[in-house]
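Take a moment with the model below. Look at the whole first, then at a few odd spots along the chain.

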Amino acid sequence: MAGKTRFCCQECGHCTPRWLGRCPECGAWNTLVEEAVAGTKQRPGIDTPTPLPITQISLNKEERFSTGIGELDRVLGGGVVPASLILLGGDPGIGKSTLLLQVATCVAGAGRVVLYVTGEESVQQVRLRAFRLGVESSRLYLLAETDIDAVENSIRSLNPALVIVDSIQTMHKVDFGSAPGSVGQVRECATQFMRLAKETGVAIFLVGHVTKEGLLAGPRVLEHMVDAVLYFEGERHQSYRILRGVKNRFGSTNEIGVFEMKDDGLVEVANPSSLFMIQHPAGPVAGAVVVPTLEGTRPLLVEIQALVSPTGFGNPRRMTAGVDYNRVILIMAVLEKRVGLHLGSYDAYVNAVGGVRLVEPAVDLGIAVALASSFRDIPVNCRLAVVGEIGLTGELRPVTGIEKRVQEAMQLGFTHCLLPRANLGQVDPSRLGSMTVWGAQTLSEALEIALEQ
């Protein structure tokens, strides 16, 4: 098959023997790129592996090692598992290389050998950035190389505990004819790194670029191939970043890590609730409500702001930031149908303060209270925390982890908490102190309590 070519879609990885204007698999236009088909070689004398009964396989507990950064360890499920392949994605300039360079320093400082492979910078440029971050360790090795076979030889000879590849899109295989960063090259290089990790027991971090839609560049199979997929999120005008796991074979995918970007690198935020609440108004303000949300096992207090004003156009505008747009439209429909708030001729803007992204349905009641407060121009008690899921019939449904949410609100000085009545029995009165907890059965009842305090 030497010398033959095929055309592969840069969006989904679908391959055809001839060029097409539109990919028949995903429907994208002008994404088929010509790639050389790697020649196949016959392997004489292949040993047939012997399958073993599962009862005869030794049960070894995963021996994780710490990255030295607690927030990253939390997202990974307690640390790095040897022989694991981890993909870290994020927008350009968000801090991916900075975070992994700090990880390399901490792991090397703990006595382990670390290899940092850079395909986008020279070793002098990485050394300059490391000097700015205060990175100094004789066990941290730098390698500027894009040939994956040369990288594999270096890994096998050095035998490090951790390898960082920045980035997977710059790696290429010489005998695979396509350009670096193409679907075929990314797939082949990721496969080789996965095999290398499993054979040698080395943990490998891969830095991945993202598309303009915010998704990881390369074929979708890349995310299925690795053991963990982490996304580094944050706004350019904000100083803090959120590390979120969307796949993890060795831990939960609900945990998040919070960092703050400073001159000397990324700094862990031990108490994210205080960070998100740092500018919460000290007095009652219409349209501002605090919601105790739960990210994995970590409770966070986030302020939700809503602005409802008469529209100056024929069609009212609906805009959201940090919360799901469709969820807000659904809540507004429930408010209009079940509560009697006529929002059809009003613009509505909803924002989760701090750039955090809220996805769980437990924030429904907070969004509804903020919208009703702004619509009626009635302030909400600044020491009131609100949590609950809203059904289409206007009922409040119970949420999980209510004890953690209430305790987090109490620790930050909140004196009142409004939650679904079904959750009242899950709150221990002896641990509430001076906090007052109200339970509501319907959205109308919850609004009466929240807007009268």
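Where does asparagine 30 lie? Asparagine 30 sits in the loop between strand S2 (15-16) and strand S3 (32-36). Keep that spot in mind while we look at the whole chain. This is a predicted model.

**The whole protein**

The protein has 11 helices and 21 strands. Along its principal axes, the C-alpha trace spans about 80 × 55 × 50 Å. The protein has 453 residues, and buried residues make up 48% of them. The exposed area is about 21400 Å². Carbon and sulfur atoms supply 52% of that area.

How do the contacts link up along the sequence? Take the contacts between residues at least 6 apart in sequence. Of these, 67% join residues at least 24 apart.

Now the charges. The protein has 42 positive and 47 negative charges. Their mean positions are 3 Å apart.

**Unusual backbone spots**

Most residues other than glycine have a negative phi, and most peptide bonds are trans. Three places in this model go another way.

| Place | Backbone feature | Value |
|---|---|---|
| Asparagine 30 | positive phi | about 55° |
| Aspartate 377 | positive phi | near 60° |
| Aspartate 166 to serine 167 | cis peptide bond | omega near 10° |

Start with asparagine 30. Its phi is positive although it is not a glycine. Is asparagine 30 buried or exposed? Its relative accessibility is 61%, and exposed means over 50%, so asparagine 30 counts as exposed.

Go on to aspartate 377. This residue is also not a glycine, and its phi is positive. Aspartate 377 is found in the loop between helix H9 (364-376) and strand S17 (384-386). Why does aspartate 377 count as exposed? Because its relative accessibility is 60%, which is over the 50% cut-off.

The cis bond comes next. This peptide bond runs from aspartate 166 to serine 167. Serine 167 lies in the loop between strand S7 (162-166) and helix H5 (183-200).

**A strand pair**

Now find strand S11 (residues 256-262) and strand S12 (residues 265-268). How do S11 and S12 run, parallel or antiparallel? They run antiparallel, and 4 bridges join them. One bridge involves phenylalanine 259, whose partner in S12 is glutamate 268. A hairpin joins S11 to S12, and it passes through 2 residues.

Definitions and conventions:
Residues numbered from 1 in each chain as written. Predicted model: local features only at pLDDT ≥ 70, side-chain atom pairs only at ≥ 80, totals over all residues. Heavy atoms only, no water. Buried < 20%, exposed > 50% of the residue type's maximum accessible area, 1.4 Å probe, protein only. Contact = heavy atoms within 4.5 Å. Areas by Shrake-Rupley, 256 points an atom, 1.4 Å probe, with all protein chains shown as cover. Lys, Arg positive; Asp, Glu negative; His and termini not counted. Charge placed at Lys NZ, Arg CZ, Asp CG, Glu CD. Pairing = 2+ DSSP bridges.
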